[in-house]
Amino acid sequence: MAVDLGLTGKVVIVTGAGGGIGRAIAQGFADAGAKIVINDIGVSLGGEGGSASPAQETRAMIEAAGGEAVISTDSVADWDSAQKIVQCATDNFGRLDVVVNNAGILRDAIFHKMDPSDWRSVVDVHLNGSFYVSRAAAPLFRKQEAGAYVHMTSTSGLIGNVGQANYSAAKLGIAALSKSIALDMKRYNVRSNCIAPFAWSRMTSSIPANSPEEKARVAKLQQMTPETNAPLAVFLASEAARDVTGQIFAARLNELFLFSQPRPLRSAHSDTGWTPELIAERALPAFRSGLIPQEVSGDVFAWDPI
């Protein structure tokens with residue numbers, strides 16, 4: 001017997017829906033019967049420029065398949081603008097049921113060379129943008145005592161990556177934001193979860209492919225199309241996941257993952273308190289086997305996608 005997702009007629013905002021993962025998620029919700037607000041300002045990967053064309057292309061695809069969608073070209077990185085994104089949903093469809101925070105840019109640089117403007121730009125779009133749009137939707141969700149948030153985090157923040165201090169910090173912050181929303185809005189039957197997506201997109205297209213080995217690996221990575229993330233996003237916003245909140249998931253081609261969240265690993269006690277010397281003598285040896293290795297995402301997900 002097929003599971004009823006309960007999304008027919010629901011209204012979904014998907015930020016950054018002009019291409020890649022956002023477009024795939026918007027199409028997935030439309031296929032499930034939802035009405036879509038396609039939010040995208042059409043900028044480059046680094047956040048430059050601006051065009052309505054990507055959003056228009058997504059709308060054309062949804063409408064060609066019999067779906068219904070409208071476009072918002074307001075930026076997530078501004079509080080007043082985020083209010084307009086939510087207003088676009090209510091003005092056109094009279095309601096709002098789901099927010100998918102997907103919009104993002106990259107400004108990669110080694111930490112000691114990162115310009116403060118690149119830090120601010122990435123944090124503004126990813127972390128502040130997720131807060132602004134979520135917060136703008138919160139009064140509606142609270143009043144109707146229902147709603148779902150799906151936020152895009154990343155293994156760059158959950159695990160780590162080189163040259164992405166701004167992106168990693170923002171993405172780990174999103175995980176904490178999602179957990180706080182889940183806790184604060186549980187009383188209103190509002191859910192909030194995260195996805196760490198894996199996909200070959202413009203955000204990963206810079207991976208080198210020079211040697212035969214690198215070319216073979218990139219070919220396998222290219223199998224991870226943006227569409228492989230959409231089913232998880234649709235599920236998390238659906239009635240089938242009505243009791244799932246405050247969690248972090250990942251989708252990697254045909255694999256799904258549930259992530260752990262920080263909890264104490266080891267403990268040490270001293271009746272007389274601690275000195276720096278005593279910590280070195282007693283606590284560190286007790287903790288050493290539990291110290292987290294300095295790995296990047298590729299070290300943890302070391303196998304090819306299957």
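A residue is called buried here when its relative accessible area is under 20%, and exposed when that area is over 50%. The model is predicted.

**Stop 1: S192**

Select S192, which sits in strand β6. Its relative accessibility is 0%, so S192 counts as buried. Now show what surrounds this serine. Leaving out residues up to four places away in sequence, S192 touches Y149, H151, S178, I181, A182, T245, G246 and Q247. Put a distance label between the C-alpha atoms of S192 and S178: the two are 14 residues apart in sequence and 5.5 Å apart in space.

**Stop 2: helix α6**

From S178, extend the selection to α6, residues 165-184. This helix has 20 residues, and the distance from its first C-alpha to its last is 28 Å, close to the 28 Å expected at 1.5 Å a residue. Colour the buried positions of α6: N166, Y167, S168, A170, K171, G173, I174, A175, L177, S178, I181 and A182. An α-helix has 3.6 residues a turn, so residues three or four places apart point the same way. What do the buried residues of α6 pack against? Their partners are α4 (116-144), β5 (147-152), α5, β6 (190-197) and β7 (248-252).

**Stop 3: the patch at V162**

Step back to V162, in the loop between α5 (155-158) and α6. V162 has a relative accessible area of 63%, so this valine counts as exposed. Add I110 and F111 to the selection and switch on the surface. I110, F111 and V162 make a nonpolar surface patch of about 340 Å².

**Stop 4: S72**

Go next to S72 in strand β3, residues 68-72. Is S72 buried or exposed? With a relative accessible area of 2%, S72 is buried. Its side chain makes a polar contact of 3.2 Å with the side chain of N39. A polar atom of the S72 side chain also lies 3.5 Å from the backbone nitrogen of D74. Beyond four places in sequence, the contacts of S72 are V37, I38, N39, D40, I85 and C88.

**Stop 5: helix α3**

I85 and C88 lead into α3, where both are among the buried residues, along with S81, A82, V86, A89 and F93. These buried residues pack against β1 (11-15), β2 (35-39), β3 and α4. The helix covers residues 79-93; its 15 residues should span 21 Å at 1.5 Å a residue, and its end C-alpha atoms, 22 Å apart, agree with that. At the start of α3, look for a side-chain oxygen of D78 within 3.1 Å of the backbone nitrogen of D80. After the helix comes G94, with a positive phi near 80°.

**Stop 6: salt bridges**

Side chains of opposite charge can pair when their charged atoms come close. The model has four salt bridges, and three are visited here.

- Select D97 and R95, whose closest N and O atoms are 2.5 Å apart. D97 is buried at 9% relative accessibility, whereas R95 is partly exposed at 34%.
- Select D118 and R107, which meet in a salt bridge at 3.1 Å, N to O. D118 is in helix α4 and R107 in the loop between β4 (98-101) and α4, so the pair ties together parts that are eleven residues apart in sequence.
- Select E255 and R252, a salt bridge with closest N and O atoms 3.1 Å apart. E255 is buried at 11% relative accessible area, and R252 is buried at 2%.

Methods
Residues are numbered from 1 along each chain as its sequence is written. This is a predicted model: local features need pLDDT of at least 70, side-chain atom pairs count only at pLDDT 80 or more; totals for chains, interfaces and linings use all residues. Side-chain values use heavy atoms; hydrogens and water are left out. Patches are made of residues with over 30% relative accessible area and no salt bridge: like charges are joined within 9 Å, nonpolar side chains (Val, Leu, Ile, Met, Phe, Trp, Tyr) within 5 Å. Accessible areas come from the Shrake-Rupley method with a 1.4 Å probe; for residues, only the protein chains shown count as cover. A salt bridge is a side-chain nitrogen of Lys or Arg within 4 Å of a carboxyl oxygen of Asp or Glu. Helices (H or I, at least four residues) and strands (E, at least two) are DSSP runs, numbered from the N terminus. Buried means under 20% relative accessible area, exposed over 50%, partly exposed in between (1.4 Å probe, protein chains only). The expected span of a helix is 1.5 Å times one less than its number of residues. Contact means heavy atoms within 4.5 Å. A polar contact is a pair of N or O atoms within 3.5 Å; within protein, one must be able to donate a hydrogen and the other to accept it, and residues adjacent in sequence count only if both atoms are side-chain atoms.
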